Amino acid sequence: MGTYGYAAPDYIETGHLTAKSDVWSFGVVLYEILTGRRSMERNRPKTEKKLLEWVKQYPPDSKRFDMIVDPRLQGEYSIKGARKIAKLAQHCLRKSAKDRPSMSQVVERLKQIIQDSDEEQHPADDKSIEVSENDPVEAEEEANQSGSTELWKKRMEHLAKLGESVESASRRRFMILQRANVSS
């Protein structure tokens, strides 16, 4: 709550936390996971210190977008999925709280992105190409790609679970605030 780099503009302005403040913070977390960077990194060049300012230079639909994706993924991820995650993060980071999605909408969108990425990697109507037992290089390449795909899938599933946790925490905080207002 109120941590530099995660605080929503409406919270900074009013000092009041809402569920939509958490949605903003979750948008920052989405970009952190996508880029492999923290919200603030003092050891980076001036233009890269603040994550949100840096990613603005690489919109999801731009040709240079892939430059912000975590290099540890070694290019083994769904670029379409990464773009969808970035677009979702942008929706979470809208300046006006009322224009941000609810956390349940964010979670549903994340689940849809995971499903779409799965279908992109393993189309139902596409017959899998058999890897020749006599070609160990081809078998190893497929195993490496499968491992990277699994890493991407695990990250996306983790994001969905994290979103569900944020939503329930926001709901609890809202209820506590409501009780405090009623008893005042």
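**Figure 1. The nonpolar core of a predicted model.** A nonpolar core is a set of buried Ala, Val, Leu, Ile, Met, Phe, Trp, Tyr and Cys residues joined through side-chain atoms within 4.5 Å. The model shown here is predicted. Its largest nonpolar core has 30 residues. Those with the most contacts inside this core are Leu30, Tyr31, Leu34, Phe65, Ile68, Val106 and Leu110. Four helices each give two or more residues to the core: H2 (19-35), H3 (51-55), H4 (79-92) and H5 (103-121). H2 gives the most, with 7 residues. In soluble globular proteins, nonpolar side chains tend to be buried together.

**Figure 2. The whole chain, for orientation.** The chain holds 6 helices and 0 strands. Read from the N terminus, its elements run α-α-α-α-α-α. The chain has 184 residues, and 34% of them count as buried. About 12,000 Å² of the chain is exposed. Carbon and sulfur atoms supply 51% of that area. Now take the contacts between residues at least 6 apart in sequence. Of these contacts, 63% join residues at least 24 apart.

**Figure 3. Helix H2 against helix H4.** The axes of these two helices come within 8 Å. They cross at roughly 155°. An angle over 145 degrees counts as roughly antiparallel, so H2 and H4 are roughly antiparallel to each other. Their crossing is left-handed. On the H2 side, the residues in contact are Val23, Trp24, Gly27, Leu30, Tyr31 and Leu34. They meet Ala82, Ile85, Ala86, Leu88, Ala89, Gln90 and Cys92 in H4. Look for Leu30, Tyr31 and Leu34 here. These three are also among the residues with the most contacts inside the core.

**Figure 4. Helix H2 against helix H5.** Here the axes lie 10 Å apart, and the helices pack at an angle of about 25°. That makes H2 roughly parallel to H5. H2 passes H5 in a right-handed crossing. Val23, Phe26 and Leu30 of H2 make the contact with Met103, Val106 and Leu110 of H5. Val23 and Leu30 of H2 also take part in the contact with H4.

**Figure 5. Helix H4 against helix H5.** The two helices pack at an angle of about 170°, with axes 9 Å apart. H4 and H5 are therefore roughly antiparallel to each other. From H4, the contact uses Lys80, Gly81, Lys84, Ile85, Leu88 and Cys92. From H5, it uses Val106, Arg109, Leu110, Ile113, Asp116, Ser117 and Glu120. Val106 and Leu110 also belong to the H5 side of the contact with H2. Ile85, Leu88 and Cys92 appear again in the contact between H4 and H2.

**Figure 6. Ala19 in helix H2.** Ala19 has its place in helix H2. Is this residue buried, exposed or partly exposed? Ala19 is partly exposed, because its relative accessible area is 44% and the class runs between 20% and 50%. Ala19 and Ala97 are 78 residues apart in sequence. In space, their C-alpha atoms are 9.1 Å apart.

**Figure 7. Glu53 in helix H3.** Glu53 lies in helix H3. With a relative accessible area of 45%, Glu53 is partly exposed. Ser39 and Glu53 are 14 residues apart in sequence. From C-alpha to C-alpha, they are 9.7 Å apart in space.

Note on methods: Residues numbered from 1 in each chain as written. Predicted model: local features only at pLDDT ≥ 70, side-chain atom pairs only at ≥ 80, totals over all residues. Heavy atoms only, no water. Buried < 20%, exposed > 50% of the residue type's maximum accessible area, 1.4 Å probe, protein only. Contact = heavy atoms within 4.5 Å. Areas by Shrake-Rupley, 256 points an atom, 1.4 Å probe, with all protein chains shown as cover. Axes fitted to C-alpha atoms, helices over the stretch in contact; angles between N-to-C directions. Parallel < 35°, antiparallel > 145°, perpendicular 65-115°, else oblique. Left-handed = near helix turned anticlockwise from the far one by under 90°.
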